[in-house]
Amino acid sequence: MKILVANIGSTSFKYKLFDMETETELASGRVERIGSDPAFPTHAEAVKFCLKDLPKVDAIGFKAVHGGRVTGVQVVTDDVLSAMRQMVDIAPAHNPPYIAAMESMRKQLPEVPLVAAFETGFHADIPECNRLYAVPYAWVEKYQIRRFGFHGASHRYIATRVAEIFGKPMRIISCHLGGSSSVCAIRDGKSVASSMGGSPQGGLPQNNRVGDFDPYLLPHLMKQTGKTCEEILAILGSQGGLLGLSGGLATDARDLARAASEGHRLAKLALDVYVYDIRRYIGADLMELGGADVLVFTGGIGENRDEIRAAVCQNVQELGIVLDAEKNAQVRAREACISTPDSRVQVWVIPTNEEIIVARQTQTALNAQA
């Protein structure tokens with residue numbers, strides 16, 4: 001079975017094609033500027049363009065984000081699309097392009113099965129006490145107000161890979177750090193806590209999204225700025241995070257690190273806030289897990305920015321985390337242990353592979369239907 005895994009951004013489409021008999025990657029690629037490039041007015045056109053030069057595809061697996069009442073791995077149906085539409089207000093940057101691409105593909109490639117592997121699925125078994133906000137409980141059941149958690153494919157891959165490395169499930173704190181970031185506590189291969197909340201906007205500061213934010217500040221901002229709630233939320237979701245804290249300088253940690261080294265105060269502040277929040281969630285996860293066996297850095301920042309890893313692990317020897325500075329400085333986008341031999345918690349860099357997780361889930365879902 002040949003499965004195309006689709007990763008859709010608001011203006012981009014990335015893909016990997018796998019032969020699932022051997023889990024061999026046959027092809028990969030990406031299309032940018034969808035919507036502004038006349039050649040690619042829609043995501044569907046981008047997908048069609050990529051498919052024309054590929055071997056026959058047996059299925060398309062989507063790294064879908066938020067289905068609310070629908071989670072796990074689902075063959076795309078009218079009900080699945082309806083559930084995703086119900087969560088557009090909560091995932092405005094993610095759900096609309098996925099919905100549009102899925103709808104177009106159903107019409108234009110009706111013979112190709114589509115499968116949605118929701119990012120929330122890995123977190124579906126988080127204990128109720130770890131996933132609820134202190135809101136009227138009726139809202140939980142009626143409006144789906146809860147912490148869902150995201151980056152499920154990445155954290156699932158880390159849980160799988162760590163079990164392969166050590167030969168058994170471990171207590172893991174998985175730090176997926178990139179343009180979008182989250183920290184996940186994993187016990188026996190299952191998520192037990194996630195920094196991300198009811199929406200992809202929650203949790204850690206993102207590249208341009210605010211992260212955790214007190215909702216009681218919204219009416220204050222509305223009064224002070226004269227803007228509507230929707231306008232404030234749009235700013236928090238597109239001009240917040242690292243971009244906002246750096247005074248609009250950059251969303252990319254590489255650019256911010258460079259500027260900080262040259263004395264740019266706000267660039268340094270943005271990174272300091274980011275690191276503080278990562279450490280805050282790691283601390284909470286250490287308490288939840290009763291300690292950790294492995295601390296993993298993954299994602300674009302986690303795999304490549306040794307200065308961020310060093311800052312996160314600074315002065316936590318009493319918690320059993322001791323980084324080897326030389327090893328850490330040498331690791332870029334490759335799997336390696338970067339802690340000292342006497343570190344009670346092993347610290348690893350593990351490049352994530354979300355696409356193979358989605359491909360496996362897609363194959364399993366289709367086999368179950370056969």
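Buried here means under 20% relative accessible area, exposed means over 50%, and partly exposed is what falls in between. With that in hand, Ala 333 counts as partly exposed because its relative accessible area is 42%. Keep in mind that this is a predicted model.

**The whole chain**

The protein has 15 helices and 12 strands. For 370 residues, a compact globule would have a radius of gyration near 21 Å, and the protein agrees with that at 21 Å. Along the principal axes, the C-alpha atoms fill a box of roughly 55 × 55 × 45 Å. Buried residues make up 50% of the 370. If you take the contacts with a separation of 6 or more, 62% of them are between residues 24 or more positions apart.

**Three residues to look at**

Two non-glycine residues have a positive phi: His 151, near 55°, and Ala 333, at about 50°. Glu 354 joins them in the table for its burial.

| Residue | Place | Relative accessible area |
|---|---|---|
| His 151 | loop between helix H5 (137-143) and H6 | 7%, buried |
| Ala 333 | loop between helix H14 (325-330) and E11 | 42%, partly exposed |
| Glu 354 | helix H15 (residues 354-369) | 11%, buried |

What does Glu 354 touch, leaving aside residues up to four places away in sequence? The list is Lys 63, Glu 119, Ala 153, Ser 154 and His 176.

**The six-stranded sheet**

An open sheet of 6 strands runs in the order E9-E8-E7-E10-E12-E11, and its pairing is mixed. Strand E9 (190-194) and strand E11 (336-337) stand at the edges; each has a single partner strand, so one side of each is left without a neighbour in the sheet. Helix H6 (residues 152-166) packs on this sheet, where it touches strand E7 (172-176), strand E8 (182-187), E10 and E12. The direction of H6 makes about 135° with that of E7.

Further along the order, strand E10 (residues 294-298) and strand E12 (residues 346-349) run parallel and are joined by 4 bridges. One place to check this is Leu 295, whose bridge partner in E12 is Val 347.

**Around strand E6**

Strand E6 (residues 114-117) is flanked by pairings of both kinds. With E4 it runs parallel, through 3 bridges, and Ile 60 has Leu 114 as its bridge partner in E6. With strand E5 (residues 73-75) it runs antiparallel, also through 3 bridges, and here Val 73 stands opposite Ala 117.

Which way do the side chains of E6 point? Leu 114 and Ala 116 go one way, Val 115 and Ala 117 go the other, and all are buried.

**Helix H1 and its cover**

The buried residues of helix H1 (residues 43-51) are His 43, Ala 44, Ala 46, Val 47, Cys 50 and Leu 51. They cover an arc of only 160° around the axis, which puts them on the same side of H1. The background is simple: an α-helix has 3.6 residues a turn, so residues three or four places apart point the same way.

What covers that buried side of H1? The cover includes strand E1 (2-8), strand E2 (13-19), strand E3 (24-31), strand E4 (59-62) and helix H3 (95-108). At the N-terminal end, H1 is capped by Thr 42, with a side-chain oxygen lying 3.2 Å from the backbone nitrogen of Glu 45.

Terms used
Residues are numbered from 1 along each chain as its sequence is written. This is a predicted model: local features need pLDDT of at least 70, side-chain atom pairs count only at pLDDT 80 or more; totals for chains, interfaces and linings use all residues. Side-chain values use heavy atoms; hydrogens and water are left out. Helices (H or I, at least four residues) and strands (E, at least two) are DSSP runs, numbered from the N terminus. Buried means under 20% relative accessible area, exposed over 50%, partly exposed in between (1.4 Å probe, protein chains only). Contact means heavy atoms within 4.5 Å. Two strands pair if DSSP finds at least two bridges between them. Axes are lines fitted to C-alpha atoms, for helices over the stretch in contact, and angles run from 0 to 180 degrees between N-to-C directions. The arc is that of the directions from the helix axis to the C-beta atoms. A polar contact is a pair of N or O atoms within 3.5 Å; within protein, one must be able to donate a hydrogen and the other to accept it, and residues adjacent in sequence count only if both atoms are side-chain atoms. The radius of gyration is taken over C-alpha atoms; the globule rule is 2.2 Å times the number of residues to the power 0.38.
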